[in-house]
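The exercises below are meant to be worked through with the structure in view. Please try each task before reading the solution that follows.

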Amino acid sequence: MALKSAMAVTGVILVLFLIAHMYGNLMVFGGQEVFDNYAHHLRELGEPMLPHEGALWIIRVVLLASVLIHAYAAFTLWARARRARAATGVRRYQSTQNKKGVQRSYASFTMRWGGVIVILFVVYHLLHFTTNHIAPGGASDSPYQRVVNGFEIWWVVLSYLIAMLAVGLHLRHGIWSATQTLGQNKAGRQRGLNVIATAIAAVITVGFLVPPFSIFFGLVG
Amino acid sequence: MNITLRVWRQKGKDDEGRMVSYQVEDVSQDMSFLEMLDVLNEKLTVAGEDPIAFDHDCREGICGACGVVINGIAHGPEVTTTCQLHMRSFKDGDTIDVEPWRAKAFPVIKDLVVDRGSLDRIIQAGGYISAPTGTAPDAHAVPVPKTDADRAFDAATCIGCGACVAACPNASGMLFTAAKVTHLGMLPQGQPERAARVVKMVNQHDEEDFGGCTNIGECAAVCPKGIPLDTISQLNKDLLGSLASGKM
């Protein structure tokens, strides 16, 4: 039970991070100077109260802890559900009719594998832009240049498109699910909460996809 | 109408079990699903075969004894209990798959009969109020707001059939547990044990090997009594409040 609350709370932290991250990404429309300054300011955030990169490392530790707790809870609940279903062989029910359930959404039954796709993407994404170990289109010291170099290549854009759609679906069900797990749903609110979850998921997905596509089609850079 | 039934046959809890096909002819549209099984069972008995075992009692949709998965949906295509499902919901020539509730917490006893004792043990863990018995007090001695009474009654209609568990992709018993928690939690008589109740019932739920709720909503969609999904939210709110206040 504590697992689900942990799932919801860490999920909320990660959604808030995504919104901040999306805001940062949109700085790319301000050009190289604005974007690079923003990236540089992240390192100076909290100075002189905090040491150089202090705030950044606090955020990184919180995010890493959130991801680990979120994933641990997910795997534990996944294993528990697997046992609880008591499927014989591969399938729980032998009937091939109504395999998609009565009303469940695509987002709700792709939560687990979708989550795995997202975590693999995060590793790839960090190697790409943070450490620059993967540098399609050429490495650079300028964050702006890294972004522009990467997103001029079609398969990089495609990989980010797939990942962002996975994130969007994950958020669509995840945000709604968190409100229910944290006890905030009521019959009269249920529709509204679902609309809000869809809206936040859509805004985040589109917000993250606008910069790569703008670069790819030559509107930026 | 003539139909083909594919039924899960399993001799006992240690038997592996398998789907077996039967032809059922001259089925009337006005038969209930269970009456159709009765007809088939009479034929099987006359032929010297073992009839299909299935649970049933009132056949009025109020006891919660019957319940099978029909064509992959708990209680079949209509939102009602299996006994209140009629053959008019099917077409001539249909193939109908009939399987037992499938969950670790509901071991199959025979054919379509499962042991739902795990639900009883959740109730025993806290789904009650402790009150001195004796003469019933006047019904209007303790005022209850109408909205609270309505919500309590709506939740109290849960008949414990187990369809929520059978339909849940995680085989979670949260809707059942939430219905009991909501039913008692909305009424003044349920208040003294409210904080302890939710913790005990959820602990028992987890011990019985039910899965965790991921808010997919299949449970509420198949519930013959229409227990709303937001009761699970109310359970979670009570649970978090109880854990935070330490009043367990």
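Contact, in these exercises, means heavy atoms within 4.5 Å. The model is a predicted one.

**Exercise 1. Describe how helices α1 and α3 of chain A pack, and say which residues make the contact.**

Solution. Begin with the geometry: helix α1 (residues 2–26) of chain A and helix α3 (residues 54–85) of chain A have axes 9 Å apart and pack at an angle of about 140 degrees. That angle makes α1(A) oblique to α3(A), a class for which an angle must not exceed 145 degrees, since angles over 145 count as roughly antiparallel. As for the sense of the crossing, α1(A) passes α3(A) in a left-handed one.

Next, find the residues. On the side of α1(A), the contact involves L3(A), K4(A), A6(A), M7(A), T10(A), G11(A), I13(A), L14(A) and F17(A). On the side of α3(A), these residues meet V62(A), L63(A), S66(A), V67(A), I69(A), H70(A), Y72(A), A73(A), A74(A), T76(A), L77(A) and R80(A). Sorted by class, the residues of the contact of α1(A) with α3(A) comprise 14 nonpolar, five polar and two charged.

**Exercise 2. Decide how far helix α6 of chain A is enclosed, and find what its buried residues pack against.**

Solution. The first step is a count: helix α6 (residues 143–151) of chain A has nine residues, and seven of them are buried, so the helix is largely enclosed by the rest of the structure. The second step is to name the buried residues, which are Y144(A), R146(A), V147(A), V148(A), N149(A), G150(A) and F151(A). The third step is to look outward from them, where the buried residues of α6(A) pack against α2 (32–44), α5 (111–130), α7 (154–181) and α8 (190–216) of chain A.

One of these partners can be taken further. Helices α2(A) and α6(A) pack with their axes 8 Å apart and at an angle of about 115 degrees. Q32(A), F35(A), D36(A) and A39(A) of α2(A) make this contact with P143(A), Y144(A), Q145(A) and V147(A) of α6(A). By class, the contact of α2(A) with α6(A) has five nonpolar residues, two polar and one charged.

**Exercise 3. Examine the backbone at P48(A), N98(A) and A171(B), and state where each residue lies.**

Solution. It helps to recall the usual pattern: most residues other than glycine have a negative phi, and most peptide bonds are trans. Take P48(A) to begin with: a cis peptide bond joins E47(A) and P48(A), with omega about 5 degrees, and P48(A) lies in the loop between α2 and α3 of chain A.

Turn then to phi. N98(A) is not a glycine, and yet has a positive phi of about 55 degrees; this residue lies in the loop between α3 and α4 (106–109) of chain A. A171(B), again not a glycine, has a positive phi of about 50 degrees and is found in the loop between α4 (163–167) and α5 (174–185) of chain B. Their surroundings can be read from the accessible area: N98(A) is partly exposed, with a relative accessible area of 36%, whereas A171(B) is buried, with a relative accessible area of 0%.

**Exercise 4. Outline chain B as a whole, and then locate Q204(B) and V24(B) within the chain.**

Solution. For the outline, note that chain B has eight helices and seven strands, and that its C-alpha trace spans about 60 × 35 × 35 Å along the principal axes. Of the 248 residues of chain B, 56% count as buried.

For Q204(B), the place is helix α6 (residues 194–207) of chain B, where this residue is buried with a relative accessible area of 18%. Leaving aside neighbours within four places in sequence, Q204(B) is in contact with R121(B), I122(B) and A125(B). Among the buried residues of helix α2 (residues 117–126) of chain B are L119(B), I122(B) and A125(B), and the buried residues of α2(B) pack against α5 and α6 of chain B.

For V24(B), the place is strand β2 (residues 18–24) of chain B, and this residue is buried with a relative accessible area of 1%. Its contacts, neighbours within four places in sequence left aside, are M1(B), N2(B), I3(B), L5(B), M36(B) and L40(B). Finally, relate the two regions: V24(B) and L119(B) are 95 residues apart along the chain, and their C-alpha atoms are separated by 34 Å.

Technical notes: Residues are numbered from 1 along each chain as its sequence is written. Chains are lettered from A and ligands numbered from 1 in the order in which they are written. This is a predicted model: local features need pLDDT of at least 70, side-chain atom pairs count only at pLDDT 80 or more; totals for chains, interfaces and linings use all residues. Side-chain values use heavy atoms; hydrogens and water are left out. Axes are lines fitted to C-alpha atoms, for helices over the stretch in contact, and angles run from 0 to 180 degrees between N-to-C directions. Helices (H or I, at least four residues) and strands (E, at least two) are DSSP runs, numbered from the N terminus. Angles under 35 degrees count as roughly parallel, over 145 as roughly antiparallel, 65 to 115 as roughly perpendicular and the rest as oblique. A crossing is left-handed if the near helix is turned anticlockwise from the far one by less than a right angle, and right-handed if clockwise. Ala, Val, Leu, Ile, Met, Phe, Trp, Tyr, Cys and Pro count as nonpolar, Asp, Glu, Lys and Arg as charged, and the others, Gly among them, as polar. Buried means under 20% relative accessible area, exposed over 50%, partly exposed in between (1.4 Å probe, protein chains only).
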